[in-house]
Amino acid sequence: MKPAITDIPGIGPAAAATLGEHGIKSLAGLANSSVEKINTVPGFSEARAVKILAAATELLAASGTTPSIRDAEKKSGKKDKSGSKGKKDKKKKKNKGKGKGKDKKKDKKKKKGKGKK
């Protein structure tokens, strides 16, 4: 039988329902959450979040179920770099700072006028 959130000591049906209302609906979902996210759920202090996160991870490991790589990336905050968006970002960085302005004469006038009062 697959372990459930309620198999964690201190998590009963009411706490499981509260977690579910905040998007944490499975044991794997709980194990892939961060302490910060769990801490935003009413009734879950930082200490309780740390405790149940450790228990969820241990329970998953004991059952032979492991979180997916994609879920682990979400937890760590890493983003998938396979999309084309990364290429666009690189392009923007290359062009950044080239050609101060369209009209260089205006730029020179601005520099000269700064010292005068």
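**A walk through the helices, starting at a buried serine**

Ser-33 has a relative accessibility of just 5%, so it counts as buried, the cut-off being under 20%. Keep in mind that this is a predicted model. Where does Ser-33 sit? You'll find this serine in the loop that links helix 2 (27–31) to helix 3 (35–39). Its side chain has a partner too: the backbone oxygen of Gly-29, reached at 2.7 Å.

Now head back towards the start of the chain. Gly-10 lies in the segment before helix 1 (13–21). Is Gly-10 buried or exposed? With a relative accessible area of 60%, Gly-10 is exposed, since anything over 50% earns that label. Now try picking out Lys-51 as well: 41 residues separate Gly-10 from Lys-51 in sequence, yet their C-alpha atoms are 9.6 Å apart in space.

Next up is helix 1 itself. Its buried residues are Ala-15, Ala-16 and Leu-19. Look down the helix axis and you'll see these buried residues fall within an arc of 100°, so they line one face of the helix. What do the buried residues of helix 1 pack against? They pack against helix 4 (46–63). Turn helix 1 around, and the face pointing away from that buried side carries the exposed residues Pro-13, Ala-14 and Glu-21.

Finally, follow the chain out of helix 1. After the helix comes Gly-23, and if you check its backbone torsions, phi is positive, near 90°.

Conventions: Residues numbered from 1 in each chain as written. Predicted model: local features only at pLDDT ≥ 70, side-chain atom pairs only at ≥ 80, totals over all residues. Heavy atoms only, no water. Helix = DSSP H or I, 4+ residues; strand = E, 2+ residues; numbered from the N terminus. Buried < 20%, exposed > 50% of the residue type's maximum accessible area, 1.4 Å probe, protein only. Polar contact = N/O pair within 3.5 Å; in protein donor to acceptor, adjacent residues only side chain to side chain. Arc of directions from axis to C-beta. Contact = heavy atoms within 4.5 Å.
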